[in-house]
Amino acid sequence: MNRVSTSGGYSSVLSNLMSAQQRQAEAGDQLSTGKIGTDLKAFSRNAQVLTAMQTLDTRLTGFTEQNAFTANRLEVQDLALNKAADAAGQTRLAIANALASDRADALMTELQGHFSNAVSALNTRHAGKYLFAGGQVDTPPTSAKQLSDLTTPFTVIADFFHNDDYIDKARVDETTTLNIGQLADDLGTSMFTAFRDLQAFEEGGAGPFTGKLTAAQRTFLESQVAVWDTVQSNLITAAAKNGAVQTQLDSVKTSMTSRQTTIQGMIGDVSNADLAKAASALTQAQQALQASSQVFLALKSASLLNVLR
């Protein structure tokens, strides 16, 4: 005797059909995304650990992006400091050449060019902000333009610098903060003073520097060689200080990259799907889906109407 199927049979087959479809979808998602799931429910007891690791990875990513910006700033700063040191070195060389040739025909013209380079270096900007201005990032840290500005009556060297005393800092990881800023007046006061002395002598009774050097001019220029040695040395030291900060930052960046690689590996261990297992599960789910579909079709032909016919 044939048993006529009931709604319970259909319910059971539909349940199997829907379950196979869900398993197929899950396995397909794992193969396409490479992840176990798309929300924390998929990771069950590992959800809390995964959340903590993802939070740490996000924080490290933030530091990495900020450190890239800081590294770029330090690189621009290094160029500016070396430009200022080169201006001092070229000034010293111009004086030495005048002494060697015993003539100073174009000395002050040449020195004006080196002074302009020094001012340009101190007024260097990065990302639209003046590097050596302290907290006054929208104001040029030095306002001198010409050597003659330095000998303007009733003006002192400090009047040409407009930075404040703020030293810019950068937090490069959870425990390390670096002093990355330097100030225009610290860098330029001794250099501007030396330039002023040259300009004052040019404008004084023993000047100007034209043609063959006089005895007084030679004596003065000889005294200036040592002054400019010191000015250049101080600027080279400032550049070296910036380089030391760059080295520290590079060390932190290397350490952070290693940490982030480790963290991302740990996240992968928790969240990444076993692709071979997912492929096998997809095949099984597809087979189960096909089997359930066949059973569903068979149940349709076993309806009470067909028996009564």
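User: I'd like to learn how to read a pocket. Which residues lie nearest the centre of the second largest pocket?

Analyst: Start with the general idea: rolling a probe the size of a water molecule over the atoms shows where empty space is left. In this predicted model, the second largest pocket has a lining of 14 residues, and those nearest its centre are Phe69, Arg73, Lys129, Asp168 and Ile180. Two or more lining residues come from each of α2, β2 and β3 (169-171).

User: Which element gives the most to that lining?

Analyst: That's α2, with 4 residues.

User: How much space lies in the second largest pocket, and how does its lining split by class?

Analyst: The space comes to about 240 Å³. As for class, you'll find 6 nonpolar, 3 polar and 5 charged residues in the lining of the second largest pocket.

User: What about cavities? How many of 30 Å³ or more are there?

Analyst: The idea to hold on to is that a probe fits inside a cavity but cannot get out, whereas a pocket is open. Here the count is 1 cavity of 30 Å³ or more. The largest cavity holds about 50 Å³ of space.

User: Which residues line the largest cavity?

Analyst: Try picking them out in the structure: Arg73, Tyr130, Leu131, Ala133, Gly134, Val137, Tyr166, Ile167, Asp168, Gly181, Gln182 and Leu183. By class, that lining divides into 7 nonpolar, 3 polar and 2 charged residues. Arg73 and Asp168 belong to the lining of the largest cavity, and Arg73 and Asp168 are also among the residues nearest the centre of the second largest pocket.

User: Okay, on to the backbone. Where does Ala127 lie, and what is its phi?

Analyst: When you read phi, look at the sign and at the residue type. Ala127 has a phi near 55 degrees, which is positive, and the residue is not a glycine. You'll find Ala127 in the loop between β1 (125-126) and β2 (129-130).

User: Is Ala127 buried or exposed?

Analyst: Exposed counts as over 50% relative accessible area. Ala127 is exposed because its relative accessible area is 54%.

User: Where does Asp102 lie, and what is its phi?

Analyst: Asp102 sits in the loop between α2 (47-101) and α3 (107-122). Its phi is near 65 degrees, again a positive value in a residue other than glycine.

User: One last feature. Which residues does a cis peptide bond join?

Analyst: For this one, read omega. The cis peptide bond joins Gly207 and Pro208, with omega about -5 degrees. To find Pro208, go to the loop between α4 (184-203) and α5 (215-271).

Technical notes
Residues numbered from 1 in each chain as written. Predicted model: local features only at pLDDT ≥ 70, side-chain atom pairs only at ≥ 80, totals over all residues. Heavy atoms only, no water. Buried < 20%, exposed > 50% of the residue type's maximum accessible area, 1.4 Å probe, protein only. 1 Å grid on protein atoms, 1.4 Å probe; cavity = no way out; pocket = protein on both sides within 12 Å on 5 of 7 lines; lining within 4 Å. Points joined across faces, edges and corners; volume = space filled by probe spheres on them. Nonpolar A, V, L, I, M, F, W, Y, C, P; charged D, E, K, R; others polar.
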